[in-house]
Structure formats: structure tokens, C-alpha cells
Amino acid sequence: MYHGTHLKHAKVIITQGFQRSTDGLLGAGVYISRNIEKAKCYPLNVDKKDKVVFKLRVQVGKVKKIDCDNHPMQKSWHQNGYDCAWVPPNCGISTIKSGREEDCVWDPSRITIVDVACCMDDSTRADLRKLVKSQRRAEGVCNRCHQDESSGLHPIQSCWECGKDICPFQHKHF
Ligand SMILES: [Zn+2]
Ligand SMILES: [Zn+2]
């Protein structure tokens, strides 16, 4: 999934993780989307060059579908035992006019930043990507297969077909 934010918050989010918004359409949580075009809109009213979009890997857990206005669990899904709320695409919720889907995750630790999907300035993007990689390494997670590698670094090799760096523990690489 994706999350758009202000460039000035990018480094702190990469190194310290996301902070829950206190309120919003789906109540408290971290707001993310499978739709990159939706993520690109945030934060609202900020110039394009000051925006950055993270690519995320999310363990959604137990998901509550919120697909209509005034849904009884619209803001109380977490109190009702759910880890994530999901507004499906084009479900007709009046505040999302674009029809683009939205997710709200309660626990920020369910979200891992795996890449910087959009950032207008190439050198800033390269710097942030480097930071994402070193952060993941510090957390003992393989950047390729996203599995734990605290017991030993995975032997990354170049793919003989496309030349990309791949990890032998990746489930698929075409
Ligand atoms: Zn690996
Ligand atoms: Zn390949």
C-alpha cells in the first residue's frame, strides 16, 4: 500500500515509524491506501515538490469493511476487535468522491516502509531510499524477501535473466 506525507516528515517516519492520526473518516489510526494516486494527494494543499509517497508492506490483520455512510463501526472498529478498517473502491461513501479506496491501520508497527514510490527531487529520493534500506537492515529485515535475517544476512545475488538483486528466500521473482 501507499502513504503520502510532507517531505519534512519523511526522515522521522522512516527512522521512528508512523504515528496514529487522532481522528479522520475512519477515526484514529494510520491512513494508507492501495491506490497510489490517492496517496499522492496527501497532505492536502501542499505543493507537489514537498510531497513524498512511501511504498508500504502492511500486515492488515483482522479487517473491517466500511462501505456506506454512517456505518455503525466507522470509527469504532478498533474497539470492536479489528486491526484495520477498509473502504473498498467505489463503494459510494460520500466523503471519498474519487471512489479510491482507503485503509486505516490501528497499530503503526503493522506497517513497514519498503520504498520511496514518489519524490520529485531525484537526489532527495535517493537519500530517502538509502535511509529506508539502512533502517531495514538495522531492524534485521531482508530488503528483498522481507523476512527476518537477524540470524545471518541473506546471500543477495543478481538475477541471471534481468540483473536485479534477488534473495534466494523470495517467494517469487519473474
Ligand atoms: Zn532475504
Ligand atoms: Zn530477474
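**Zinc sites, pockets and an aromatic pair in a predicted model**

Cys-162 has a relative accessibility of 42% and is therefore classed as partly exposed, a value that falls between the 20% limit for buried and the 50% limit for exposed residues. The model in which this residue lies is a predicted one. Cys-162 contributes its SG atom to the coordination of the zinc ion (ligand 2), together with Cys-159 (SG) and His-173 (NE2), at distances of 2.2 to 2.3 Å. Along the chain, these donor residues follow the spacing C-x2-C-x10-H. Cys-159, in contrast to the partly exposed Cys-162, has a relative accessibility of 9% and is therefore buried. Since water is not among the atoms considered, sites may look incomplete.

The zinc ion (ligand 1) is bound by Cys-142 (SG), Cys-145 (SG), His-154 (ND1) and Cys-167 (SG), which lie 2.1 to 2.4 Å from the metal. The spacing of these donors in sequence is C-x2-C-x8-H-x12-C. The angles subtended by the 4 donor atoms at this zinc ion range from 101 to 123 degrees, and the arrangement is therefore tetrahedral; the criterion requires all angles to lie between 85 and 135 degrees. Of the cysteine donors, Cys-142 shows a relative accessible area of 2% and is therefore buried. Cys-145 is likewise buried, at 8% relative accessibility.

The pockets of the model were examined next. The largest pocket encloses about 720 Å³ of space. Its lining comprises 21 residues, and those nearest the centre are Lys-55, Asn-143, Arg-144, His-146 and Gln-170. At least two lining residues are supplied by each of β3, β7 (111–119), α3 (122–138) and β9 (165–166). When the lining of the largest pocket is divided by class, 9 residues are charged, 6 are polar and 6 are nonpolar.

The second largest pocket holds about 500 Å³ of space. It is lined by 21 residues, with His-3, Gly-4, Thr-5, Ile-13 and Ser-21 closest to its centre. Two or more residues of this lining come from each of β1 (2–6), α1 (7–16), β2 (30–32) and α2 (36–39). The class composition of the second largest pocket is 10 nonpolar, 9 polar and 2 charged residues, whereas 9 charged residues occur in the lining of the largest pocket.

Aromatic contacts were also analysed. A total of 1 aromatic pair was identified. In this pair, the ring centres of Phe-18 and Phe-54 are 6.4 Å apart and the ring planes are inclined at 80 degrees, so the geometry is edge-to-face; the angle required for this class is over 60 degrees. Phe-18 belongs to the loop between α1 and β2, while Phe-54 is part of strand β3, so the pair ties together parts that are 36 residues apart in sequence. Both Phe-18 and Phe-54 are buried.

Strand β3 is followed by a loop that contains a residue on the surface. Gln-59 occupies the loop between β3 (51–58) and β4 (63–65). With a relative accessibility of 58%, Gln-59 is above the 50% limit and is therefore exposed. The C-alpha atoms of Gln-59 and Asp-83 are 9.3 Å apart in space, although the two residues are separated by 24 residues in sequence.

Key. Residues are numbered from 1 along each chain as its sequence is written. Chains are lettered from A and ligands numbered from 1 in the order in which they are written. This is a predicted model: local features need pLDDT of at least 70, side-chain atom pairs count only at pLDDT 80 or more; totals for chains, interfaces and linings use all residues. Side-chain values use heavy atoms; hydrogens and water are left out. Donors are N, O and S atoms within 2.8 Å of the metal (3.2 Å for Na, K and Ca); water is not among the atoms, so sites may look incomplete. Four donors count as tetrahedral if all angles lie between 85 and 135 degrees; four count as square planar and six as octahedral if opposite donors are over 155 degrees apart and all others between 65 and 115; anything else is irregular. Buried means under 20% relative accessible area, exposed over 50%, partly exposed in between (1.4 Å probe, protein chains only). Helices (H or I, at least four residues) and strands (E, at least two) are DSSP runs, numbered from the N terminus. On a 1 Å grid over the protein atoms alone, a cavity is a set of points where a 1.4 Å probe fits but cannot get out, and a pocket is an open set with protein on both sides within 12 Å along at least five of seven lines; lining residues have an atom within 4 Å of a point. Grid points are joined across faces, edges and corners, and a volume is the space filled by probe spheres set on the points. Ala, Val, Leu, Ile, Met, Phe, Trp, Tyr, Cys and Pro count as nonpolar, Asp, Glu, Lys and Arg as charged, and the others, Gly among them, as polar. Rings of Phe, Tyr and Trp (its six-membered ring) pair if their centres lie within 6.5 Å; planes under 30 degrees apart count as stacked, over 60 as edge-to-face and the rest as tilted.
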